Amino acid sequence: RCAHALAAEMRSVLREYLLFVAQLEAKQPRVQELFYWLRKPAKQLRTLDEVAFECATLKGGALLRKVLDFRSHAADKEEFLLLDALARAATKPYLETLESWLRRGALDDPYSEFFVVKDAAAPRVFNDFNASAWDTRFLCD
């Protein structure tokens, strides 16, 4: 779900770019104006390309770590804001999984992105949800 959230945020940025291109087409700018107006979007597209390439095979914590690493090495404020939006989007499902696991002991992780897995050998029903239940029901991946 983290990779899906990251991809969705990247698609959102690309939609904004396509809208921008449509607006430029309507204006029919000169080459100098075009060069000026395309500097920021070109930089954003390069950043998206780098993130997509580096994160293509990653999932879960490794994906989040890579996106946060990109964010911490942002060259300027605009790049930081773009990478921050990507990081926030990718982190949201991970944090929702963490909260669900911590509060209710429920582990909904269809893509095996979380650092904890259910122990298949553990009993399914717990009458007394105490510390031993946590020890026997879950394993660190």
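These legends walk through five close-up views of a predicted model.

**View 1. Helices H1 and H2 pack against each other.** Let's begin with the pair formed by helix H1, residues 2-27, and helix H2, residues 31-55. Their axes come within 11 Å and cross at roughly 160 degrees, which makes H1 roughly antiparallel to H2. The crossing itself is left-handed. On the H1 side, look for Leu6, Met10, Val13, Leu14, Tyr17, Phe20 and Leu24. Facing them from H2 are Leu34, Trp37, Leu38, Pro41, Gln44, Leu45, Leu48, Val51, Ala52 and Cys55. By class, this contact holds 16 nonpolar residues and one polar residue, with no charged ones.

**View 2. Helix H1 meets helix H4.** The axes of H1 and H4 come within 7 Å and cross at roughly 145 degrees. Here the crossing is right-handed. H1 brings Cys2, Ala5, Leu6, Glu9, Met10 and Val13 to the contact, while H4 offers Leu82, Ala85, Leu86, Ala89, Ala90, Pro93 and Tyr94. Sorted by class, the residues of this contact are 12 nonpolar, no polar and one charged. If you are coming from the previous view, Leu6, Met10 and Val13 of H1 should be familiar, as they also touch H2.

**View 3. Helix H2 crosses helix H4.** Now turn to H2 and H4, the latter spanning residues 77-104. The two axes come within 11 Å of each other and cross at roughly 45 degrees, which makes H2 oblique to H4. This crossing is right-handed. Lys40, Gln44, Thr47, Leu48 and Val51 make the contact from H2, and their partners in H4 are Glu78, Glu79, Leu82, Leu83 and Leu86. The class count for this contact gives five nonpolar, two polar and three charged residues. Two of the H4 residues, Leu82 and Leu86, also take part in the contact with H1.

**View 4. The largest cavity sits among residues of H2 and H4.** A search of the whole structure turns up two cavities of 30 Å³ or more, and this view shows the largest, with a volume of about 50 Å³. Lining this cavity are Lys40, Lys43, Gln44, Thr47, Glu78 and Glu79. H2 and H4 are the elements that give two or more residues to the lining, and H2 provides the largest share, with four residues. What classes of residue make up this lining? There are no nonpolar residues here, but two polar and four charged ones. Apart from Lys43, the names in this lining may ring a bell: Lys40, Gln44, Thr47, Glu78 and Glu79 also belong to the contact of H2 with H4.

**View 5. The largest pocket draws on H1 and H2.** About 290 Å³ of space lies in the largest pocket. Val13, Glu16, Tyr17, Phe20, Tyr36, Trp37, Arg39, Lys40, Pro41 and Gln44 form its lining. H1 and H2 each supply at least two of these residues. Which helix gives the most to the lining? That is H2, with six residues. By class, the lining divides into six nonpolar, one polar and three charged residues. Several of these residues appeared in the first view, including Val13, Tyr17 and Phe20 of H1 and Trp37, Pro41 and Gln44 of H2, which make the contact between those helices. Lys40 and Gln44 are also part of the lining of the largest cavity.

Key:
Residues numbered from 1 in each chain as written. Predicted model: local features only at pLDDT ≥ 70, side-chain atom pairs only at ≥ 80, totals over all residues. Heavy atoms only, no water. 1 Å grid on protein atoms, 1.4 Å probe; cavity = no way out; pocket = protein on both sides within 12 Å on 5 of 7 lines; lining within 4 Å. Points joined across faces, edges and corners; volume = space filled by probe spheres on them. Nonpolar A, V, L, I, M, F, W, Y, C, P; charged D, E, K, R; others polar. Axes fitted to C-alpha atoms, helices over the stretch in contact; angles between N-to-C directions. Parallel < 35°, antiparallel > 145°, perpendicular 65-115°, else oblique. Left-handed = near helix turned anticlockwise from the far one by under 90°. Contact = heavy atoms within 4.5 Å.
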